[in-house]
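This report follows one sheet, then the ligand site, and finally a few individual loop residues. Please keep the sequence and the model in view while reading.

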Amino acid sequence: MHSPAASADRVPLLRGVALAAHTTLKIGGPAEFFYAPQRPEDLAALLTRLESAGTPCRLLGGGANTLAPDGGVWGAVVHTGALRGLFREGNRLRAWPGVTLPQLVRAACDAGLGGVEKLIGVPGQIGGALAMNAGSSEWGIWDAVEEVTLWEPGGGMRAFRPEEIGPRYRDGNLRGRVVLECALRLRPEEPAALKARQDEFLRRKNATQPVTLSSAGCAFKNPPGDSAGRLVDAAGMKGAREGGAKISPLHANFIVNCGGASAADVRALATRAEEAVAARFGVRLERELVLWPEPARPVSL
Ligand code: EPU
């Protein structure tokens, strides 16, 4: 077993990595320090070291729900996308946080294991999906979790059952804890039946969502009993633009980057949509898109 210090030292430090290359909106300035650990133990050791050093630190998975600031990020961005281990153990899949959701769904289908096919066509990776409880309006990835191993501020690391975490709709309730690994409890099924179900979910998604364009998925959470997309649409915001950002004419809960959009464009458009829905329906939308704050002065190295 390697010492924690040695594990942290194994993670190369990169400087000035453009966050636009790591977010699905393709937006974001440079990170002062950028790390991409490849093993859970290295991730844990790195987080402990950054915490001890007092270095501000942000976690970035597949960047599917993140609006990274135009001015970049001072301090460290820890990218979990290189942690790609995926292991079968009977009817379970054990996964590291950088496994992408398409990889996970394909692997489950190939293994004849059902239970995660609703994640087909959802962008992002397991770490971020657990942080956000990604899924459909009535189902989230936590419904399939048996156990998750988390790093906790203070340097601890332990396994949790879902009921100890208390995930909610589109909120994994991680509260500063970081996913090192998770075990998904699945059920054996005919691969052909699984494939047919996935194809049906994908067909519906392709018909109703702008899946081929750069977006961060749904920008707003659904309010209880309603759909944010329906509300933004009915408030007349479909097709609205700010700079290079546009509210998708296909599904009004998606803000797409038509080319050259800035974080400021997306923030302005999200605010306009919120104001329109509040004015028309008296509903305050809650953001699903996570906005990282702009730095007081842009990162320059
Ligand atoms: N609708 C409109 N106009 C629009 C969009 C939707 O009138 O522009 C109507 C639809 O016609 C439908 C209703 O709103 O009657 C609900 O729409 P949809 O079936 O597309 O589902 P949703 O509630 O908008 C949710 C999740 C999606 C997930 C889909 C399918 C949230 C915020 N969204 O969308 O998740 O893909 O169900 O399972 O929970 C995400 O969270 O990033 C996401 C994309």
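Strand 15 (residues 245-247) and strand 16 pair in the antiparallel sense through three bridges, where strands are DSSP runs of E with at least two residues, helices are runs of H or I with at least four residues, and both are numbered from the N terminus; two strands count as paired if DSSP finds at least two bridges between them. The model is a predicted one, in which local features need pLDDT of at least 70 and side-chain atom pairs count only at pLDDT 80 or more, whereas totals for chains, interfaces and linings use all residues. Residues are numbered from 1 along each chain as its sequence is written, and side-chain values use heavy atoms, with hydrogens and water left out.

**The sheet around strand 16**

Within the pairing of strand 15 and strand 16, Ile247 stands opposite Ile255, and the two strands form a hairpin with six residues between them. Strand 16 is also joined to strand 13 by three bridges, and these two strands run antiparallel; here Val256 of strand 16 is the bridge partner of Ser215. Taken as a whole, the open sheet consists of four strands in the order 13-16-15-14, with antiparallel pairing. Strand 13 and strand 14 (241-242) stand at the edges with a single partner strand each, so one side of each is left without a neighbour in the sheet.

In a regular strand the side chains alternate between the two faces of the sheet. Strand 16 (residues 254-257) is covered on both faces, since Phe254 and Val256 on one side are buried, as are Ile255 and Asn257 on the other. Buried means a relative accessible area under 20%, exposed means over 50%, and partly exposed lies in between, with a 1.4 Å probe and protein chains only.

**The ligand and its shell**

Which domains contribute to the surroundings of the ligand? The chain is divided into domain 1 (8-79), domain 2 (86-192) and domain 3 (222-285), with bounds that come from an automatic or database domain assignment. Domain 2 and domain 3 both give residues to the shell around the ligand, so the ligand lies between them. The centres of domain 2 and domain 3, taken over C-alpha atoms, are separated by 29 Å.

There are 21 residues around the ligand, of which Tyr169, Lys205, Asn222, Asp233 and Glu288 come nearest; a residue counts as near if one of its heavy atoms lies within 4 Å. By class, the shell holds five nonpolar, 10 polar and six charged residues, where Ala, Val, Leu, Ile, Met, Phe, Trp, Tyr, Cys and Pro count as nonpolar, Asp, Glu, Lys and Arg as charged, and the others, Gly among them, as polar.

The table lists polar contacts of ligand oxygen atoms, a polar contact being a pair of N or O atoms within 3.5 Å; within protein, one atom must be able to donate a hydrogen and the other to accept it, and residues adjacent in sequence count only if both atoms are side-chain atoms.

| Residue | Part of the residue | Distance to a ligand oxygen atom |
|---|---|---|
| Gln209 | polar side-chain atom | 2.9 Å |
| Cys218 | polar backbone atom | 2.8 Å |
| Asn222 | N or O atom in the side chain | 2.7 Å |

The protein covers 69% of the 820 Å² of accessible area that the ligand has on its own, as computed by the Shrake-Rupley method with a 1.4 Å probe; for residues, only the protein chains shown count as cover. The elements that give two or more residues to the shell are strand 13 (214-218) and helix 7 (228-234), and helix 7 gives the most, with three residues.

**Individual loop residues**

Most residues other than glycine have a negative phi, and most peptide bonds are trans. Lys26, although not a glycine, has a positive phi of about 60°; this residue is placed in the loop between strand 1 (13-18) and strand 2 (30-35) and is exposed, with a relative accessible area of 52%. Arg170 likewise has a positive phi, near 55°, but Arg170 is buried, with a relative accessible area of 8%, in the loop between helix 5 (162-165) and strand 11 (178-185).

Asn133 lies in the loop between helix 4 (126-132) and strand 9 and is buried, with a relative accessible area of 7%. The side chain of Asn133 reaches the backbone nitrogen of Trp142 at 3.1 Å.
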